[in-house]
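Grab a pencil and open your viewer. Below are some exercises to work through, each followed by a solution that goes step by step.

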Amino acid sequence: MTALDLTKKAGFALAVATIVTVSVFPFYYAVITSFETGTALFEVNYLPQGFDFGNYLAVLGQQAFPRNVLNSVFIATATVGAALLLAVTAAYALSRVRFRGRGLLLMTILAVSMFPQIAVLSGLFEMVRFLGIFNTPWAMILSYTIFTLPFTVWVLTTFMRDLPVEIEEAAIVDGASPWVVITQVFLPLLWPAMVTTGLLAFIGAWNEFLFALTFTASETTRTVPVAIALLSGASQFETPWGTIMAASVIVTVPLIVLVLIFQRKIVAGLTAGGVKG
Amino acid sequence: MAHIQLHDIRKSYGAAEVIKGVDLEIRAGEFMVFVGPSGCGKSTLLRLISGLTSISSGELLFDGARMNSKVPSDRGIAMVFQSYALYPHMTVYENMAFGMKLAKAGKAAIRERVERAAEMLQIGHLLERLPRQLSGGQRQRVAIGRAICRDPRVFLFDEPLSNLDAALRVATRLEIAKLHHDMEKATMVYVTHDQVEAMTLADRICVLRDGKVEQVGTPADLYEKPNSTFVAGFIGSPKMNLLNGAIAAGHGCRTLGIRSEHIDITGEGAVWSGEVVHAEDLGSDTYLYVDIGAEEPVVVRREGRRAIALGETVGLRPRPENLHRFDAGGLPLH
Ligand SMILES: Nc1ncnc2c1ncn2[C@@H]1O[C@H](COP(=O)(O)OP(=O)(O)OP(=O)(O)O)[C@@H](O)[C@H]1O
Ligand SMILES: [Mg+2]
């Protein structure tokens, strides 16, 4: 091995180490902090100083918090389900059925996803009030679905467009109806894309703050991000960093697990679908 | 087994008419090959027969029954695509069974038929594999197997061999010929670009040109008695020499056709003579390109590989009985 090779390897290792540190450090610090109480919270230390589960017990002991987690799980799951169902059927039409104004429609869909949340907040609020779903999970499910659909439809449409038409035609000759084509032929080929978009929709819904804050009024209907932000300390002037960190860790871990589980399948699925049939 | 009749079939995409009134009869059990230049409508015509594309006007009959508005799966057809079009996420077995499963056939019946088809194509050992674990030739055999499992009245092939390399193409061609022989009940319609495939597989060939039928006949018919300069130039490889101008006028026609194997190189009694401008040595034959003053050099086949130096002048004598004479409209003179 030459000196040049060695330098290259060292440089590469350094770059990787930097990226990992920068991206993992904030979460690592949150984990450490969540195990600290009292004044230890305000000392800067980079190694765990022992394990005190006090913060976790405090968070879970709060009446509303477990309920908030359930709200989040329900809302994020329902959002993903609704978005995928609508997006798959829409993508089939947009990629396979020829009709007037298809290009315009696709551009409009893309344009919708560019609006900042705050711009549509008041309009959405009126809509939520009109539908009578204020302060229920449905308000969030509706608004999150609206916001994830453009992206999901766009990705699935591009993906579906790349599936060979002949495969669909072979299925038609074999006697498949459009519904059978979608469910038995396209879905198995599409699901790497569905897992990816579904996961992103889930994370988006799970972390969303502004809508959740606006469309809920009581402690029991809040989602986790709102609940964490509104955690209060012993006095008005104290921010309960320990419990906030513990709560953050509790709600982040499921996401990480989810990504790790699906990540392997995403890779497996991509290689399966990418080969010419 | 189906007797297929096309009566004045037309297809338009918007204002553009692609199939311009095709009348054609394909006999039960026949192997019919569609050939023609790229874009002439071969695939479109095949898809009209399959039902994947709807017919704009005209009538399509299978055994006398009108098929125009039937969906593909009700026509009793099976189709083999150029790109194989296997379901990538299903095993070979599932690929072949899919159609029967949708038709709600029993498990045992499905297994029996798939295994019989697999045996016929010698892919029995591949049944548990996924398409991506197969070679190109094996994939195309699976696609053919899937077609067999549908037990169709009509097999439709759209350039099934064009993605395969030369050796595999020959092997699979033999396979298809054997299939046609074994399944004498089934009518087959086959689209190809390949001269050899057309000549060797077909009972009859249909030459299409710009959305219309130019000539239908047995391979020998088309080769020996082309109905037009178009067919004369299209069927056969290398293509027939077509000479215009003074040379044709000397034979009392507008265009004179002569195939490369019907010209002798001779010293005495030569009708034409010219310089050898190019030679292609294929081992068994040598093709000489001789410039006799026509627009293009005349191609002459010579058996063996006796070399003639480029630039040498040779005398040529076309065999009079093999001359094809065409009038100004490209039609044959007798
Ligand atoms: N869906 C379509 N919309 C518009 N025009 C079409 C469509 N499909 C085919 N065509 C046109 O119809 C004509 C015939 O096409 P077709 O695919 O049948 O040709 P082909 O003989 O199979 O050619 P090739 O040998 O290159 O496969 C072409 O000019 C093509 O552009
Ligand atoms: Mg074609």
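## Exercise 1: The contact between the chains

The contact draws on 19 residues of chain A and 24 residues of chain B. Keep in mind that this is a predicted model.

**Task.** Work out how much area chain A and chain B bury between them, and which helix gives the most to the side of chain A that touches chain B.

**Solution.**

Step 1. Start with the area: chain A and chain B bury about 2,000 Å² between them, and 65% of that is on carbon and sulfur atoms.

Step 2. Now the polar side of things. Between the two chains there are two salt bridges, and six residue pairs are in polar contact.

Step 3. Next, sort out who supplies the chain A side. H7 and H8 of chain A each supply at least two residues of the side that touches chain B. H7(A) gives the most, with seven residues.

Step 4. Finally, split the chain A side by class: twelve nonpolar, three polar and four charged residues.

## Exercise 2: Helix H7 of chain A

**Task.** Find which residues of H7(A) are buried, and what covers the buried residues.

**Solution.**

Step 1. H7 spans residues 165-173 of chain A, and its buried residues are Ile167(A), Glu168(A), Glu169(A), Ala170(A), Ala171(A) and Val173(A).

Step 2. Look at what sits over them. From chain A, the cover includes helix H3 (65-96) and helix H8 (178-207). From chain B, the cover includes helix H1 (42-50), strand S6 (77-80), helix H2 (92-102) and helix H4 (136-149).

Step 3. Pick out Glu169(A): this residue forms a salt bridge with Arg47(B), with the closest N and O atoms 2.7 Å apart.

Step 4. Then walk off the end of the helix. H7(A) is followed by Gly175(A), which has a positive phi, near 100 degrees.

## Exercise 3: Salt bridges, across and within

**Task.** The structure holds 17 salt bridges over all chains. Take the pairs of Arg150(B), Arg204(B) and Arg209(B), and say where the partners lie or whether they are buried or partly exposed.

**Solution.**

Step 1. Arg150(B) pairs with Asp174(A), the closest N and O atoms being 3.6 Å apart. This pair crosses between chains: Arg150(B) is in the loop between H4 and strand S7 (154-158) of chain B, while Asp174(A) is in the loop between H7 and H8 of chain A. Both Arg150(B) and Asp174(A) are buried.

Step 2. Arg204(B) and Glu30(B) meet at 2.5 Å, N to O. This pair links distant parts of the chain, 174 residues apart: Arg204(B) sits in strand S9 (residues 204-209), and Glu30(B) in the loop between strand S2 (16-26) and strand S3 (31-35) of chain B. With a relative accessibility of 13%, Arg204(B) is buried, and Glu30(B), at 5%, is buried too.

Step 3. Arg209(B) and Glu214(B) meet at 3.6 Å, N to O. Here Arg209(B) is partly exposed at 40% relative accessibility, and Glu214(B) is partly exposed at 24%.

Step 4. One more thing to look up: salt bridges with shared partners join Asp8(B), Arg10(B) and Glu17(B) into one network.

## Exercise 4: Two strand residues in chain B

**Task.** Place Gln5(B) and Leu60(B) in their strands, then list what touches each of them.

**Solution.**

Step 1. Gln5(B) lies in strand S1 (residues 4-13) of chain B, and Leu60(B) in strand S4 (residues 57-62).

Step 2. Gln5(B) has a relative accessible area of 16%, so it counts as buried. Leu60(B) is buried as well, at 1%.

Step 3. Leave out neighbours up to four places away in sequence. Gln5(B) then contacts Leu24(B), Glu25(B), Glu59(B), Leu60(B), Leu61(B) and Gly64(B). Leu60(B) touches a list of residues that includes Ile4(B), Gln5(B), Leu6(B), Ile9(B), Leu48(B) and Met67(B).

## Exercise 5: Cysteines

**Task.** Explain why Cys40(B) has no bond to Cys206(B).

**Solution.**

Step 1. A disulfide needs two cysteine sulfur atoms within 2.5 Å.

Step 2. The closest cysteine sulfur to that of Cys40(B) belongs to Cys206(B), and because the distance is 9.0 Å, it is too far for a bond.

Step 3. Over all chains, the disulfide count comes to zero.

Step 4. As for burial, Cys40(B) is buried at 3% relative accessible area, and Cys253(B) is buried at 11%.

Methods
Residues are numbered from 1 along each chain as its sequence is written. Chains are lettered from A and ligands numbered from 1 in the order in which they are written. This is a predicted model: local features need pLDDT of at least 70, side-chain atom pairs count only at pLDDT 80 or more; totals for chains, interfaces and linings use all residues. Side-chain values use heavy atoms; hydrogens and water are left out. Buried means under 20% relative accessible area, exposed over 50%, partly exposed in between (1.4 Å probe, protein chains only). Helices (H or I, at least four residues) and strands (E, at least two) are DSSP runs, numbered from the N terminus. Contact means heavy atoms within 4.5 Å. Buried area is the accessible area (1.4 Å probe) that two parts lose on being put together, summed over both. A salt bridge is a side-chain nitrogen of Lys or Arg within 4 Å of a carboxyl oxygen of Asp or Glu. A polar contact is a pair of N or O atoms within 3.5 Å; within protein, one must be able to donate a hydrogen and the other to accept it, and residues adjacent in sequence count only if both atoms are side-chain atoms. Ala, Val, Leu, Ile, Met, Phe, Trp, Tyr, Cys and Pro count as nonpolar, Asp, Glu, Lys and Arg as charged, and the others, Gly among them, as polar.
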